[in-house]
Amino acid sequence: MLSRLRSGSIRNLDREFDCTVRLLDDSEYPCTIQRDAKGHYLIDLLCHHMNLLEKDYFGIRFVDPDKQRHWLDISKSIIKQMKSQPPYTMCFRVKFYPTDPATLKEEITRYLVFLQIKRDLYHGRLLCKTSDAALLAAFILQAEIGDYDAGKHPEGYSSKFQFFPKHSEKLERKIADIHKTELSGQSPDNAELNFLKKAQTLETYGVDPHPCKDVSGNVAFLAFTPAGFVVLQGNKRIHYIKWTEVSKMKFEGKTFNLYAIHKEESKIILTYFAPTPEACKHLWKCGVENQAFYKFEKSSQVRTVSSSNMFFKGSRFRYSGRVAKEVIESSAKIKRSPPEIHRSGLVPSRSCPSISHGSRLSSVPRTRRRAVHISIMEGLESLRDSAHSTPVRSSSHTDSFMIRSGKASAAEGNERTSVIADEMYSPAASVLPTPVSEPGPESILLQQDSSSSGIEERGSEVGSSAAAEEPARGAGTSPEGVSERAEQEQAMVCLQGAVPAKPSY
C-alpha cells in the first residue's frame, strides 16, 4: 500500500499539464508544462515561438476560479499559481507599455504592441476625441488594406470595420477621408509606427483600468501608466502622480492607499476601495511592478515591499524582472537580420469577431494581411455612472479620501486634473476575460440591458471609449465563456452600486 502511494506521488511529480496561450492576433499556442516549470519558462517558450527578443514588455495573464485576474509571476512555479484545474488557458499581452514606441528596436515588437493598442482602442481602454480617434482608425486602415483604391474600396468602405465599441456615420466618413487623402504611400510598418506614436500622446495610453470607488461611492478607474499613477473619473483625469513622486503603496482588505510627495514637499494620501480583497491585492501588485519598471535605473535597486505599514503584517512582494532603462539599453545591442513577420489573416476573433471582406484585400500582399476585427454586435455596452465628482478633502486619515498637507496650492490640483474626452470613461468590461466562443444570446441581452458609453455624437467632437479584456479558464464544457458571464455580472454589481465583500455569482 505504501509503495503504491509512493509510486503515485512520483508519477504526480512527473506529470505534464496541457496549456493553451492565446496570442495577440487571437491565434492559440498549445503547449505542455512540467509541474516544476516556472513562469519564465513559458514566457521564453512563447517568445521563441514568435522570434521575439524584446520580451520584457510582455506578460502572461490568467483568471482564477474566483474570476480575479492575475499576471503570471515569472519567478514562481506556474502550477502553484494556478488555482483551477488543467487544462489551463492564458493570454499573452503587453504588460509594460513602452514609454516611447520609437525606442523599440525591432518591427516584430512594434507589431505586437500595435495589436495590443488596437485591442485597447476597440475594447475601450484607450479614450480619445473624434479627431484623434479618426486618425488612429485611419492608420489601422492603412496598415490593414494599404492605399485607398476607388476600384476596390467603394463608398462607405470604412463602415465595414469596427474600430471602436460604437461610432457614428460622421466619424466613419472622417476616417475614410483621412485614409484617402493623408496616408497614401505609407507601408504597413510605417502606418503601425505612426499609430503607436499618436496613441502614445494620449492620456489613456497604457491604461489597464482597475474599477474602484471613493468614499462617496463614486466609481473611479485607477491605472498605472509609463508616466505614473492616474485616476479617471467621469470624463476627466482627476489625479496624475509621477512615479518619482509616489513614495509607497499599501493595501489592507479592500482599501488601497497611495502615498505621494508633490513639489514643495506637499504630501498626499489617496484612498480607494476595490470590489474585493483579491482585487485590491492585484491592484497593489500591479502598482509595485509598474513603479519598479519605470522608476528605477537598475533592477538591483528594486527592493521587497510590504503591503502594510507594519512590517510583520500583510503581503510582501518584489518585482523580479528588468527595468525599462535596462530593457532599452539591451534592445540597442540587438544585431540580427529583422525576423519575418507573419501577420495574421482574416480569421474570426473571439474578442473582436471578424467578417469576410472578399476581394477587398486581394491587392494586399499575403504577408501584409491583418486580422481585421469586426464586431457582430453594435459595440460593447458599458455601464455609465452619472456621479463623477472630484474627491473631497479631509484632515482625518481614517475616513479620508485625500489628505493634503504642506503648501499645496489649488493651482497644483488643477494642474493634475484634465478633461480627456467629451464622453465618460466607463469601461465596465475592463475586468472581463476574453470569451472562448462567440457570445450567445444571453450575453448579448445582458449587455443590452446595461447603459451604453462608447462613441456618440456631441457636436463636432465625440469621445471614443474602449475596455480591456483578458482571458480566463474555468471548469465545464465552455469554461471561459462561463467565467466571462459570471464576471460580467460581478462588474455590473460593482459599478451600479454596492461593492460586494466577495464575488457574487
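**Exercise 1. Find which helices and strands supply at least two residues each to the lining of the largest pocket, and then describe that lining.**

Solution. In this predicted model, the elements that each supply at least two residues of the lining of the largest pocket are the strands β4 (69-71) and β15 (316-317), together with the helices α3 (78-81) and α8 (277-295). The next step is to look at the shares, and here the largest one, 7 residues, comes from α8. The pocket itself has a volume of about 480 Å³, and of the 22 residues that line it, those closest to its centre are His 70, Trp 71, Gln 81, Lys 281 and Lys 285. Finally, when the lining is sorted by class, it holds 11 charged, 6 nonpolar and 5 polar residues.

**Exercise 2. Decide whether Thr 109 is buried or exposed, and list its contacts beyond the neighbours within four places in sequence.**

Solution. Begin with the position of the residue, for Thr 109 lies in helix α4, which covers residues 107-123. Its relative accessibility is 0%, and because buried means under 20%, Thr 109 counts as buried. Once the neighbours within four places in sequence are set aside, the residues in contact with Thr 109 are Leu 52, Glu 54, Phe 58 and Leu 104.

**Exercise 3. Place Pro 98 in the chain, and work out whether it is buried or exposed and what it touches.**

Solution. Pro 98 is found in the loop between β5 (88-94) and α4. Its relative accessibility is 0%, so Pro 98 counts as buried. Not counting residues up to four places away in sequence, Pro 98 touches Tyr 57, Leu 104, Val 113, Tyr 205 and Pro 226. A further step follows the chain to Tyr 294, which is 196 residues apart from Pro 98 along the sequence, although the C-alpha atoms of the two are separated by 9.5 Å. Comparing the two lists of contacts, one finds Leu 104 with Thr 109 and again with Pro 98.

**Exercise 4. Describe the protein as a whole, stating how many helices and strands there are and what percentage of its residues count as buried.**

Solution. Counting the elements gives 12 helices and 20 strands in the protein. Of its 505 residues, 56% count as buried. Turning to contacts with a separation of 6 or more, 70% of them are accounted for by residues 24 or more positions apart. The last step concerns the accessible surface, which comes to about 21800 Å², with 51% of this belonging to carbon and sulfur atoms.

Conventions:
Residues numbered from 1 in each chain as written. Predicted model: local features only at pLDDT ≥ 70, side-chain atom pairs only at ≥ 80, totals over all residues. Heavy atoms only, no water. 1 Å grid on protein atoms, 1.4 Å probe; cavity = no way out; pocket = protein on both sides within 12 Å on 5 of 7 lines; lining within 4 Å. Points joined across faces, edges and corners; volume = space filled by probe spheres on them. Helix = DSSP H or I, 4+ residues; strand = E, 2+ residues; numbered from the N terminus. Nonpolar A, V, L, I, M, F, W, Y, C, P; charged D, E, K, R; others polar. Buried < 20%, exposed > 50% of the residue type's maximum accessible area, 1.4 Å probe, protein only. Contact = heavy atoms within 4.5 Å. Areas by Shrake-Rupley, 256 points an atom, 1.4 Å probe, with all protein chains shown as cover.
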